[in-house]
Amino acid sequence: MSARLAPWGSGIGANIRRERAQRQWSQAHLAREICRAAGIQGEPVGRQEVSRWESGKRTPREWLPFIAAALGVSVDELRQSHTLADPPLPTLADFLPDDDPLAPLNTRNGRRIGMRQVEDLQQRVHGLRLADDVIAGGDLVRPALRELRSAVRLYREGTHPGAVGRELLCQIGELAQISGWIASDAGQHAEAERIYRLGLSAARQAEDHTLAGNLAGSLAYQLSNTGREVEGLDLARAALDGAGSDPPPKARALYLDRVAWAHTKAGGAENAQHAMRALGEAGVALAQDSEGVESPAWLYWVDAGELLVMESRVYTELRRPLRAVPLLRNVLGRYDATHTRELALYLSWLAVAYADANEPEEAAATAERVISLSADVASERTAQRVRVVLTRLAPYADVPEVRAVLDRAA
């Protein structure tokens with residue numbers, strides 16, 4: 001499913017979107033402000049209605065004065081035609097689901113949800129994240145999806161006070177991020193995209209901008225790796241911009257890493273320069289982290305080593321093996337045998353870097369390890385990397401060591 005971007009131009013919808021974006025409000029936030037301006041209890045206007053106005057699918061005739069009041073502008077300003085030199089960049093709102101997968105059911109069972117249930121879910125989400133460190137997506141995708149369905153059902157069917165509902169939405173967002181990552185690793189890319197968009201909706205409704213940026217960046221990473229490089233780059237930038245002016249240093253470093261990767265996959269000399277600049281900015285952002293800076297628990301894995309991983313992969317993709325090889329050797333020294341998938345993935349980039357450096361014997365030896373490690377890992381990502389390695393070895397088929405690897409793989 002590709003992103004359906006709201007049309008840009010001079011209409012009322014574009015003006016609403018522009019004013020909302022300037023205030024860094026989510027569509028759900030604007031909907032609440034409109035209801036407050038109208039003096040109406042409840043939420044007769046929701047995020048979906050705001051999305052329809054902004055996309056031009058509906059015209060907010062009777063609501064226009066209250067929209068203007070909520071935004072602090074005049075009705076005439078919302079009606080005014082604006083000429084834009086260039087279309088605005090996509091925002092995270094452009095990547096939300098068309099429907100509202102988290103809308104409460106009309107008939108709830110009345111079960112009251114408290115912080116205890118939220119804390120239980122938080123523990124299960126963290127356990128799933130730790131499991132993903134050592135278990136491949138093909139083995140985890142079923143339990144991950146069961147957990148996600150159960151959490152969404154809990155939110156939609158139960159009743160919960162505002163603070164509990166927000167925390168529950170945050171846990172659904174975190175669960176969607178790791179479940180989407182697992183589904184993507186298992187090769188279920190359409191399912192992963194649907195899950196990421198669900199999580200993005202949850203994070204936006206909870207107004208957790210840091211989590212929304214992680215979900216958007218995760219989807220951007222998948223898009224960049226599955227032939228949708230333009231969308232991936234747009235979304236990676238939107239994730240960085242949508243996080244606001246002051247995200248935790250680790251989060252900003254993560255967003256910038258994904259921007260660097262998206263530029264790398266987009267190709268071209270200009271994108272290569274942007275990729276290197278983003279890597280540098282990621283290092284600067286991470287250097288601002290300290291013990292006194294609070295970060296969400298799910299950022300536990302973002303450190304200098306992870307930035308080194310991305311830097312080495314970017315250099316490999318840019319075919320700069322003299323820089324990539326020493327970095328990758330450093331990276332591989334950080335992983336033990338329990339991280340089979342990561343070892344296989346990073347060895348695959350090392351094999352490619354050796355091939356680019358005109359070292360076919362070293363490339364062949366490394367490829368042997370990649371193939372051996374990947375044999376028992378239920379990960380489509382590692383399987384795809386094996387195919388990349390074999391393709392890059394093919395020009396050296398007359399080298400005996402390479403020929404042996406290619407023959408065994410065949």
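This is a conversation between a student and a tutor about a predicted model of a protein.

Student: What makes this protein as compact as a globular protein of its length?

Tutor: Start with the fold, which comes to 19 helices and zero strands. The radius of gyration is 23 Å, and the globule rule gives 22 Å for 410 residues; the two are close, so the protein is as compact as a globular protein of that length. Along the principal axes, the C-alpha trace spans about 80 × 50 × 45 Å. Buried residues make up 50% of the 410 residues.

Student: Why is Ala 337 called exposed?

Tutor: Exposed means over 50% relative accessible area. Ala 337 has 65%, so the word fits. You will find Ala 337 in the loop between helix H15 (321-332) and helix H16 (340-356). Its C-alpha atom is separated by 26 Å from that of Gln 123, a residue 214 residues apart from it along the chain.

Student: How do you know that Glu 77 and Arg 18 form a salt bridge?

Tutor: Side chains of opposite charge can pair when their charged atoms come close. The cut-off here is a side-chain nitrogen within 4 Å of a carboxyl oxygen. For Glu 77 and Arg 18 the N to O distance is 3.5 Å, which means the pair meets the cut-off of 4 Å. The pair also links distant parts of the chain: Glu 77 belongs to helix H5 (residues 75-79) and Arg 18 to helix H1 (residues 12-22), 59 residues apart.

Student: Are those two side chains buried, exposed or partly exposed?

Tutor: Partly exposed is the class between under 20% and over 50%. Glu 77 has 24% relative accessibility, so it counts as partly exposed. Arg 18 has 23%, so it is partly exposed too.

Student: What makes Arg 166 and Glu 167 a salt bridge?

Tutor: Their N to O distance is 3.4 Å, and the cut-off is within 4 Å, so the pair qualifies. Arg 166 is partly exposed at 35%, and Glu 167 is partly exposed at 29%. The structure holds 25 salt bridges.

Student: Which residues does the salt bridge of Arg 381 join into a network?

Tutor: Arg 381 pairs with Asp 185, with the closest N and O atoms 3.0 Å apart. Arg 381 sits in helix H18 (residues 380-393) and Asp 185 in helix H8 (residues 162-185), 196 residues apart, so this pair links distant parts of the chain. Both Arg 381 and Asp 185 are buried. Through shared partners, salt bridges join Asp 132, Asp 185, Arg 341, Glu 342 and Arg 381 into one network.

Student: Why is the patch with Glu 361 called negative?

Tutor: Its members are Glu 359, Glu 361, Glu 362 and Glu 401. Glu counts as negative, so the name follows. A patch residue also needs over 30% relative accessible area. Glu 361, in helix H17 (residues 360-374), has 39% and counts as partly exposed, so that value passes the cut-off of 30%.

Student: What makes the patch with Tyr 300 nonpolar?

Tutor: Leu, Tyr and Trp are among the side chains taken as nonpolar, and this patch is formed by Leu 130, Tyr 300 and Trp 301, with about 250 Å² of accessible area together. Tyr 300 lies in the loop between helix H13 (269-287) and helix H14 (304-317). Its relative accessible area is 32%, so Tyr 300 is partly exposed and over the 30% that a patch residue needs.

Key. Residues numbered from 1 in each chain as written. Predicted model: local features only at pLDDT ≥ 70, side-chain atom pairs only at ≥ 80, totals over all residues. Heavy atoms only, no water. Patch = residues over 30% accessible without salt bridge, like charges linked within 9 Å, V, L, I, M, F, W, Y side chains within 5 Å. Areas by Shrake-Rupley, 256 points an atom, 1.4 Å probe, with all protein chains shown as cover. Charge placed at Lys NZ, Arg CZ, Asp CG, Glu CD. Helix = DSSP H or I, 4+ residues; strand = E, 2+ residues; numbered from the N terminus. Buried < 20%, exposed > 50% of the residue type's maximum accessible area, 1.4 Å probe, protein only. Rg over C-alpha atoms; globule rule 2.2 N^0.38 Å.
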